[in-house]
Amino acid sequence: MERSITGSLDRRPDLLCEMGELVVGQMRGTSPCSRKPLHAHDEYTLEFVDKGSMWLLEPKAQRSLVGQGQYYVLQPDQEHSQEVDPQIRTLFVALPRQQVEEVAQELFGLKKLAHVEPTIAFAHQGILTTLEAIAAEVEHPLGGMQLMLQSLSIQLTVQLLRTQQQGQEKGGVHHVSGVLSSEIRQSVEFIHAHYADNLSLTQVAASASLSQYHFLRLFKRQIGMTPHAYLRRLRLQRAAFLLTRSDESISD
C-alpha cells in the first residue's frame, strides 16, 4: 500500500503553520478541475504532489506537468498559477530566501550569491522523509514545534541543493517544460494517466488527434525526446518512487 503524506491532514486547515517567512500549507482537490490565479511568493516555494496532478503555468504560455510523487521548486517572485485536477493533494513549504542563500553558500563554499534553481523532479527518499516529518509536526503540534520546523526546513534546503548539484553533474533532470501545443499537452496527460498500460504509438497519437507521423515530429520537437523514451523514463521514475513509498516488491 502506498504511503500518503497528506492523508492524515484532512481535518487540518489549508494554512497549516506560519512562523514569519517559514510557511507550511496544503492544497486539496476541488471539483471540477480548477485554475488558480497568477501570483508569486516572497520566498522559495516547494510544493509536493501527494495525489493527482497539476499543470504549473507561467507567463508566456509556459507550462509544466507535475504528477503524483513529484515536486516543484520556485524562486522568490516567480509568477505562476496552477491548473489542478479534482483529486489533487499537495503539501507546500515556503523556505526563507536568506536561509536558502546562507545554506547554499555554506554548502558549496561560494562567495557569490547561491540559490535553488526552479526544479521539477520525483522526490527521493530523503526529501520524502523530511516532508513526512514536517507534516507530522504540524498535525500534532507540541512544545518546540518552531525549532523542529526550522531544523527540518534547513534539512529540506540542503537536500534540494544536493539534488540540484547532482542533477547538474549528470546533465540535469528532464521534465516537461516550455510552450506546449494543446495536442501535445493532451498526449502528455494521456501518457501520465495510462503509463502502466501497454500503450501503442497509435493510441498516444490518437489522444492528440494527430497522425503518427505529425505527432512524432511535434512531440520530439516540444518535449525533446520520442514518446517511447518519455514513457520509459516516466515508468522508471515512477517505479523508483514507489519503491520508497509502498510495500510493493521490486518484481511488482
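Tyr230 counts as buried, at 7% relative accessibility. In this predicted model, Tyr230 forms one aromatic cluster with Phe215 and Phe219. Beyond that cluster, the briefing covers an open sheet of 6 strands, an open sheet of 4 strands, two helices and the nonpolar cores.

**Aromatic cluster**

- The count of aromatic pairs comes to 2.
- Phe215 and Phe219 make a tilted pair, because their ring centres are 5.4 Å apart and their planes stand at 50°.
- Both Phe215 and Phe219 belong to helix H6 (residues 212–223). They are 4 residues apart, about one turn of the helix.
- Is Phe215 buried or exposed? Phe215 counts as buried, because its relative accessibility is 0%.
- Phe219 is buried too, with a relative accessible area of 0%.
- Phe219 and Tyr230 pair edge-to-face: their ring centres are 6.0 Å apart and their planes meet at 70°. The cut-off for edge-to-face is over 60 degrees between planes.
- Tyr230 sits in helix H7 (residues 227–245) and Phe219 in helix H6, so this pair ties together parts that are 11 residues apart in sequence.

**Sheet of 6 strands**

- The strand order is S1-S2-S9-S4-S7-S10, with antiparallel pairing in an open sheet.
- Strands S1 (15–19) and S10 (119–122) form the edges. Each has a single partner strand, so one side of each lacks a neighbour in the sheet.
- On average, neighbouring strands of this sheet are turned by 15° against each other, direction ignored.
- Strand S4 (residues 44–51) and strand S7 (residues 70–74) run antiparallel and are joined by 4 bridges.
- Phe48 has Tyr71, in S7, as its bridge partner.
- Helix H2 (residues 125–139) packs on this sheet. H2 touches S1, strand S2 (22–28), S4, S7 and strand S9 (89–95). The direction of H2 makes about 90° with that of S9.

**Sheet of 4 strands**

- This open sheet has the order S3-S8-S5-S6, again with antiparallel pairing.
- Strand S3 (34–35) and strand S6 (62–66) are the edge strands, and each pairs on one side only.
- Strand S5 (residues 54–58) pairs with strand S8 (residues 81–84) in the antiparallel sense, over 4 bridges. Met54 has Val84, in S8, as its bridge partner.
- S5 also pairs with S6 in the antiparallel sense, over 5 bridges. Here the bridge partner of Leu56 is Ser64, in S6.
- S6 is mostly covered, with 4 of its 5 residues buried.

**Helices H1 and H2**

- Helix H1 (residues 97–108) has 12 residues. At 1.5 Å a residue they should span 16 Å, which agrees with the 16 Å between the end C-alpha atoms.
- The buried residues of H1 include Gln99, Val100, Glu101, Val103 and Ala104.
- Gly109 comes just after H1 and takes a positive phi of about 65°.
- Helix H2 has 15 residues and reaches 21 Å from first C-alpha to last. That is close to the 21 Å expected at 1.5 Å a residue.
- Buried residues in H2 include Ile127, Leu128, Thr130, Leu131, Ile134, Ala135, Glu137 and Val138.

**Nonpolar cores**

- How many residues does the largest nonpolar core have? It has 55 residues.
- Phe48, Tyr71, Leu131, Leu149 and Leu156 have the most contacts inside this core. Of these, Phe48 and Tyr71 are also bridge partners, and Leu131 is among the buried residues of H2.
- Helix H3 (residues 145–169) supplies the largest share of the core, 7 residues.
- Which residues does Leu156 contact, leaving aside its neighbours within four places in sequence? They are Leu46, Val93, Leu95, Ile127, Thr130, Leu131 and Ile134. Among these contacts, Ile127, Thr130, Leu131 and Ile134 are buried residues of H2.
- A second, separate core has 10 residues, including Met27, Val49, Met54 and Tyr72. One of these, Met54, bridges to Val84 in S8.

Terms used. Residues numbered from 1 in each chain as written. Predicted model: local features only at pLDDT ≥ 70, side-chain atom pairs only at ≥ 80, totals over all residues. Heavy atoms only, no water. Pairing = 2+ DSSP bridges. Axes fitted to C-alpha atoms, helices over the stretch in contact; angles between N-to-C directions. Contact = heavy atoms within 4.5 Å. Expected span 1.5 Å × (residues − 1). Buried < 20%, exposed > 50% of the residue type's maximum accessible area, 1.4 Å probe, protein only. Core = buried A, V, L, I, M, F, W, Y, C linked by side-chain atoms within 4.5 Å. Phe/Tyr/Trp six-rings, centres within 6.5 Å; stacked < 30°, edge-to-face > 60°.
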